[in-house]
Structure formats: structure tokens, C-alpha cells
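Hi everyone, thanks for making time today. I'd like to walk you through a structure that may be new to you, so settle in and have a look at the screen.

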Amino acid sequence: MATAKPSKKRLLTDFIIPALDSEKFGYKLYWLKKDEEIFRIFWGHKRSKTWRAEDFVVFTAWDIEKGRYNVKNLAASKGRFRAAMKKLRHLIREIGCPVFGYKDFQFCTSYTEPRCWFCGNRVEDDLNNPQVQKIMAEYSEVMNKIMARTHPDIAGPSTS
């Protein structure tokens, strides 16, 4: 297992922006529309018939940068990269990509409306949706009953 120790705590943005600007990874990671801060990354699957170890060069470079590279588990490198991207949902959002094997992302430079982590709808739209309001009311009722049974001293009057 080859391991490189990072000199300081690094964030994905500290890695990805210089890599995009230097075009270090060629077609594996590049600006699609730099003026709109949209970039494209090769996101091939290891189970693909055309898969090569070079396809994971961006993910393994990120692992080396973080000091977690394991030559035997390239798929884990991709998983750690994916997790780092998800932690930055407030800064980087995935947008649709028409090209198979790639994913497009955009840096969020201004405030964006809160979105549901599950379905991607605007939170405000979900809260005004009658079906969501019904589910929330049912959930609240169930939780009140549970609290009344398990903690009668703090739950208030029982609704059962």
C-alpha cells in the first residue's frame, strides 16, 4: 500500500480548482464553461468493458493528496471523491450531463434556494405541498403518542 502524507488539511476545492486551471488531467477533468464555472469529470464505471486504471486518475490523485491512496482498491478512491463532493453540496452542484460516462458540476458562487436532499425539489415547494403537509401531520401525531407513552412528564397531554 503506497501512502503519501499530506502537508496540511486539504479540501476538495483546493485540489479541483488548480487541476481544472492547469488542465492536468486532460479530458478526465476539464472546464466545460469556465465563465459559468461548469466543469466535467470522467465518471466511468469499473465494471465497464472499456475500463482502464487510467480512468480513475482524478480519484486516485485526490486520494494521494489526502494521504489515503490504496493501489488495490481504486473503486474506494472514487467513493471517497464522491463523498467529498457530497460534503460540498453548498458549493458544488451536479447538473445534467448528456455524455455517457461523464458528470457535469457547477460551482455555486451565489445563494441558491434550499433543495430537498432526497428529491431535489425546492424546500418551499415541498412544505406547501398538501401531501407533504399530511405526512408531516401524521408523523407529528405518531411522535406525540410515542412521547406521551415513554416520557409522560415532558410530553404534555396525551392525544390517545
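Let me begin with one term: two strands count as paired if DSSP finds at least two bridges between them. With that in hand, β3 and β4 pair, since four bridges join them and they run antiparallel. One thing to keep in mind throughout is that this is a predicted model.

Let's step back for the overview. The protein has six helices and four strands. If you follow the chain along the sequence, the pattern reads α-β-β-α-α-β-β-α-α-α. Of the 160 residues in the protein, 29% are buried. And if you take the contacts with a separation of 6 or more, 47% of them are between residues 24 or more positions apart.

Now to the sheet. In what order do the four strands sit? The order is β1-β2-β4-β3, in an open sheet with antiparallel pairing. That puts β1, residues 29-33, and β3, residues 92-95, at the edges, each pairing on one side only. From one strand to the next, the twist averages 35°. As a reminder, strands of a sheet pair through backbone hydrogen bonds, either parallel or antiparallel.

Let's go through the pairs. β1 and β2 are joined by four bridges in the antiparallel sense, and here K33 stands opposite I38 in β2. Next come β2, residues 38-42, and β4, residues 102-107, which pair antiparallel over five bridges. I38 turns up again in this pair, with Q106 as its bridge partner in β4. In the pair of β3 and β4 that we opened with, I95 stands opposite D104 in β4.

Two hairpins deserve a pause. The hairpin of β3 and β4 has six residues between the strands, and G101 takes a positive phi near 90° there. The hairpin of β1 and β2 has four residues between its strands, and E37 has a positive phi near 55°. E37 is a residue other than glycine, and it lies in the loop between β1 and β2. Is E37 buried, partly exposed or exposed? With a relative accessible area of 26%, E37 is partly exposed.

There is another residue like this. E23 also is not a glycine, and has a positive phi of about 55°. You'll find E23 in the loop between α1 and β1. Its relative accessibility is 60%, and the cut-off for exposed is over 50%, so E23 counts as exposed.

On to the helices. Helix α1, residues 12-22, lies across β1, β2, β3 and β4, and runs at about 75° to β1. α1 also packs against α3, at an angle of about 100° and with the axes 10 Å apart. Angles from 65 to 115 degrees count as roughly perpendicular, and α1 and α3 are therefore roughly perpendicular to each other. Which residues meet there? L12, F15 and I16 come from α1, and F81, A84 and M85 come from α3. By class, that contact has six nonpolar, no polar and no charged residues.

Helix α2 covers residues 57-66, and its buried residues are V58, F59, T60, A61, W62 and D63. What covers them includes α1, β1, β2 and α3, where α3 spans 74-87. Just after α2, G67 takes a positive phi of about 80°.

Let me zoom in on S77, which sits in helix α3. S77 has 0% relative accessibility, so it counts as buried. Leaving out residues up to four places away in sequence, S77 touches F59, T60, D63 and Y69. F59, T60 and D63 are among the buried residues of α2.

Finally, the core. The largest nonpolar core has 25 residues, and those with the most contacts inside it are L12, F15, I16, L29, F39, I41 and F81. The elements giving two or more residues to this core are α1, β1, β2, α2, α3 and β4. Which element gives the most? That is α1, with five residues. You have already met L12, F15 and I16 of α1 and F81 of α3 where those two helices come together.

That's my tour, and thanks for listening!

Notes:
Residues numbered from 1 in each chain as written. Predicted model: local features only at pLDDT ≥ 70, side-chain atom pairs only at ≥ 80, totals over all residues. Heavy atoms only, no water. Axes fitted to C-alpha atoms, helices over the stretch in contact; angles between N-to-C directions. Contact = heavy atoms within 4.5 Å. Buried < 20%, exposed > 50% of the residue type's maximum accessible area, 1.4 Å probe, protein only. Parallel < 35°, antiparallel > 145°, perpendicular 65-115°, else oblique. Nonpolar A, V, L, I, M, F, W, Y, C, P; charged D, E, K, R; others polar. Core = buried A, V, L, I, M, F, W, Y, C linked by side-chain atoms within 4.5 Å.
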